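I set out to record how the two chains of this model meet. My entries begin with a single helix and then turn to the interface.

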Protein chains: 2
Amino acid sequence: MTASTSPLDLDNQLCFALYRASHAVVRAYKSELDQLGLTYPQYLVMLALWQESKPQGVGQLGDLLGLDSGTLTPVLRRLEQRGLVVRRRDEHDERRRLIGLTDAGRDLRALAEKVPEKIAARFPMQGKDYHQLMAQLGDIAQAFDSDR
Amino acid sequence: MTASTSPLDLDNQLCFALYRASHAVVRAYKSELDQLGLTYPQYLVMLALWQESKPQGVGQLGDLLGLDSGTLTPVLRRLEQRGLVVRRRDEHDERRRLIGLTDAGRDLRALAEKVPEKIAARFPMQGKDYHQLMAQLGDIAQAFDSDR
DNA sequence: CACAACTATATTGCGCACAATCTAAATGTG
DNA sequence: CACATTTAGATTGTGCGCAATATAGTTGTG
């Protein structure tokens, strides 16, 4: 066998395992999200808005999703163009933009409900292992995002 | 408490946990990789080349990394511009490009050796949990990449 | 050998990600 | 109240990531 044990081997890198798994899962979402007319980051923004129910500032969405305004501003503009969200000024602080759902944005939730279960069925682990993995990933995100 | 249990909640989505953790770790690599003059995907390509030792075709690198030529071609061009790789034609099949390391590319490995340990020290789990997580992520990548 | 089918890589176009910078609005201090 | 500081978001520039398409080289079949 030629499998090496170098510390730089791809198969030994947790960073690469994360990177590859994340991209693979996002690709799997694509065929489902195409039917909703959403990209994956757009879907995440919609999840955040459905979850919070009240209009959110760009910074609040960024905290929820781990993204900054340079990423979110164009994503939100495209969601606005598709008529799913509105971006109005905060009356009490004109620097802030409040991102709220339109009726069409709220209605889309019913369709989106069916997406996760289709994907979840393909995950190779279930139940306890699934939740343990979620917890570990949460710990990693927190550990590495603490210094931002 | 206001924590909801909707199936669409961000905190219940394994896809989001993966997405967030992966981006957080890539960001953590940035400060280390800046010192090598590499981006994260460029670093992955170098890992693949260091590991294989023989020049690789674009498609072979793509299989190793889970990326296609649309992504790899410009990455490889930039690595060539920095003098780390060469891209020559395969004499026996002029359609193929063989990507090989330059002396500078080989030399960079010594510096890169020190990167993973600095990052690994920050992972909130070690030993057994670490390896179990690696295995689970590998299973996910395989399960979702099988249909490409 | 002609030529259709196939294969490897490159190109194009769009949409993120993110650092650095900019603008405007709010806040603190004397 | 003047004015420096801070804060929220937008803008700019670079580099992925990927689908769709294009191009050139190779192989199979008659």
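I looked up helix H3 (residues 58–65) of chain B and found its buried residues to be Leu61(B), Gly62(B) and Leu65(B); buried means under 20% relative accessible area (1.4 Å probe, protein chains only), and helices (H or I, at least four residues) and strands (E, at least two) are DSSP runs. They cover an arc of only 105° around the axis, which places them on the same side of H3(B); the arc is that of the directions from the helix axis to the C-beta atoms.

I noted that the model is predicted: local features need pLDDT of at least 70, side-chain atom pairs count only at pLDDT 80 or more, and totals for chains, interfaces and linings use all residues. Residues are numbered from 1 along each chain, chains are lettered from A in the order written, and side-chain values use heavy atoms, without hydrogens and water.

I then listed the packing partners of the buried residues of H3(B): helix H1 (14–34) of chain A, together with H2 (40–52), S1 (56–57), H4 (69–81) and S3 (93–101) of chain B. Just after H3(B), I found Gly66(B) with a positive phi of about 75°.

I turned to the interface, where 59 residues of chain B contact 59 residues of chain A (heavy atoms within 4.5 Å). I recorded four salt bridges between the chains, a salt bridge being a side-chain nitrogen of Lys or Arg within 4 Å of a carboxyl oxygen of Asp or Glu. Arg20(A) forms one with Asp145(B), the closest N and O atoms being 2.8 Å apart. H1(B) supplies 14 residues, the largest share of the side of chain B that touches chain A.

Notes: Buried < 20%, exposed > 50% of the residue type's maximum accessible area, 1.4 Å probe, protein only.
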